[in-house]
Amino acid sequence: MKLIQRQTPARIIALGFLAVILLGSLLLILPVSVQDGVELRYIDSLYTSTSAVCVTGLVAVDAGDTFTPFGQTVLALLIQVGGLGVTAVGAGIILAMGRRINLKGRLLIREAMNLDSGRGLIRFVKSILLTTLIFEVTGALLSFTVFIRDYPFWKALGISFFHSIAAFNNSGFDILGNFQNLIPYQDNVLLNLTTCGLIIFGGIGFLVIKDLWECRLRFRKLRLHSKVVITVSAALIVSGAVLIKLTEDVTWLGAFFHSVSARTAGFSTYPLGTFSNAGLMVLTVLMFIGASPGSTGGGIKTSTFFVLLQGIKSAATNRSPKAFHFSIPREAFRKAAVITLLAAAVVITGTWLLAALEPELRLMDVLFEVTSAFGTVGLSTGITPNICDAGKLLCILIMYIGRLGPLTVATLWHFGREERVHYPEGNIAIG
């Protein structure tokens, strides 16, 4: 216990996610979790648990055809824990037991939620749990009106709650069976819009939801972070939908749905294996950018993308970066650049390794799969179940890095020692 207490918050969070993944893999492989006559290998159980905890949605086995109601419940709980974060869930349990959260716990919450200040942490955790409950129950009730037409009452209810949990936590799991995802409901407007609504609110982050509530949806009164997240998210959704419609034979509803889903959710209403390279490239870019800080999604984050663009614009025009009548700190651009470069390095290295392990696969399919794993999205062109075991282990590692964040992973081995030697600055030609 003392050894754990001496670790940095980033390491404790990383170990917490790892512990939940391993526990989930053991629960999913239990006989009570697997349907009769179905053989589940441990590598596939570990892959599924990682995908659930990292709120990805990539599946090596179909959740509907493989797991019993108990196994599907375990899967839903793993998604919930992964989406909210191990720290927030743990804090919620402690509060429910009537106990106080110590200073170390508060530091963990602040680190996990990307908060600038430690003020009001307990109220923030309570608001997260309440917000999650409201959105998921509402989403389940709306989804139930659709699924009840095709399934018996209790099964429709179970599917509705599972779908709502997966959608709000930006995890593209489904339990409809036969790897069909939401393709049978591609023309159902209510289910499409309900799913998109859950994905969007789960992806913009709890800080933005809280800000919207306090400002009563008045954009001008929102904080800078909220304005950036909402603006970039809207721009990506609209531009993504237009580009997908231009490149693929889908309806406008389908184009809008996939533009939203590619932002780390992973649901699909059309088979992506039939998409053109141009359409897959659009989805790949959206997956790489991902959701927003403090949300249930992954990727480099919308705010990172925005700050990066503003920094490039500032360098090109020789003007200080500004947005919504605020000046953007240059330190923010440096951090955004580091995150983007590290993320690109993970995706490029992962793509090369998977291409080397699976030389018969198309490069576009491999790049799409790796980006989906890093962005914790869950979209796939259909190659996931046929990837070799070494490839699955590689994707497990990439999903884990994507959930923690590349910068967090890079700092896990930092011991906080002060630099004692300083060298004179040198000049390097750039450009």
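Modeller: Let's start with a word you'll need: a cavity is a set of points, on a 1 Å grid over the protein atoms alone, where a 1.4 Å probe fits but cannot get out. This is a predicted model, where local features need pLDDT of at least 70, side-chain atom pairs count only at pLDDT 80 or more, and totals for chains, interfaces and linings use all residues. Residues are numbered from 1 along each chain as its sequence is written, and side-chain values use heavy atoms, with hydrogens and water left out.

Colleague: Okay, how many cavities of 30 Å³ or more does the structure hold?

Modeller: Rolling a probe the size of a water molecule over the atoms shows where empty space is left. Here that gives two cavities of 30 Å³ or more. The largest has a volume of about 80 Å³, and the second largest about 40 Å³. Volume here is the space filled by probe spheres set on the points, with grid points joined across faces, edges and corners.

Colleague: Which residues line the largest cavity?

Modeller: Lining residues have an atom within 4 Å of a point. For the largest cavity they are Asn 170, Ile 199, Ile 200, Gly 203, Ile 204, Ser 233, Ile 237, Val 260, Arg 263 and Ala 291. Helix α10 (189-204) and helix α12 (224-247) each supply at least two of them, and α10 gives the largest share, four residues. Helices and strands are DSSP runs numbered from the N terminus (helices H or I, at least four residues; strands E, at least two).

Colleague: And how do those lining residues divide by class?

Modeller: Six are nonpolar, three polar and one charged. For the classes, Ala, Val, Leu, Ile, Met, Phe, Trp, Tyr, Cys and Pro count as nonpolar, Asp, Glu, Lys and Arg as charged, and the others, Gly among them, as polar.

Colleague: What lines the second largest cavity?

Modeller: Phe 147, Ile 159, Phe 162, His 163, Phe 173, Asp 174, Ile 175, Leu 176 and Leu 182 do that job. Helix α9 (residues 153-168) gives the most, with three residues. By class you get seven nonpolar, one polar and one charged.

Colleague: Back to Val 260 in the first lining. Is Val 260 buried or exposed?

Modeller: Val 260 sits in helix α13 and is buried, because its relative accessible area is 2%. The cut-offs are: buried under 20% relative accessible area, exposed over 50%, partly exposed in between (1.4 Å probe, protein chains only). Val 260 touches Cys 196, Ile 199, Ile 200 and Ile 237, not counting residues up to four places away in sequence; contact means heavy atoms within 4.5 Å. Val 260 and Ala 291 are 31 residues apart in sequence, and their C-alpha atoms are 9.9 Å apart.

Colleague: What share of the 431 residues in the chain is buried?

Modeller: Buried residues make up 54% of them. The chain has 19 helices and two strands.

Colleague: Which residues touch the most other members of the largest nonpolar core?

Modeller: In soluble globular proteins, nonpolar side chains tend to be buried together. A nonpolar core is a set of buried Ala, Val, Leu, Ile, Met, Phe, Trp, Tyr and Cys residues joined through side-chain atoms within 4.5 Å. Here the largest one has 77 residues, and Ile 79, Phe 147, Phe 267 and Phe 374 touch the most other members. Helix α18 (residues 389-404) brings the largest share of this core, eight residues. There's also a second, separate core of 25 residues, including Leu 236, Val 250, Ala 255 and Phe 275.

Colleague: Can a polar residue be tucked away too? Where is Ser 25 found?

Modeller: Ser 25 is in helix α2 (residues 9-28), and it counts as buried because its relative accessibility is 0%. A polar atom of the Ser 25 side chain lies 2.6 Å from the backbone oxygen of Leu 22. Beyond neighbours within four places in sequence, Ser 25 is in contact with Tyr 42, Ser 45, Leu 46 and Ser 49.

Colleague: Last thing: which residues other than glycine have a positive phi?

Modeller: Most residues other than glycine have a negative phi, and most peptide bonds are trans. Among those with a positive value, Thr 264 has phi near 85° and Lys 301 has phi near 90°. Thr 264 is in the loop between α13 (252-261) and α14 (277-289), while Lys 301 is in the loop between α14 and α15 (302-317). Thr 264 is buried, with a relative accessible area of 0%, and Lys 301 is buried at 18%.

Terms used: On a 1 Å grid over the protein atoms alone, a cavity is a set of points where a 1.4 Å probe fits but cannot get out, and a pocket is an open set with protein on both sides within 12 Å along at least five of seven lines; lining residues have an atom within 4 Å of a point. A polar contact is a pair of N or O atoms within 3.5 Å; within protein, one must be able to donate a hydrogen and the other to accept it, and residues adjacent in sequence count only if both atoms are side-chain atoms.
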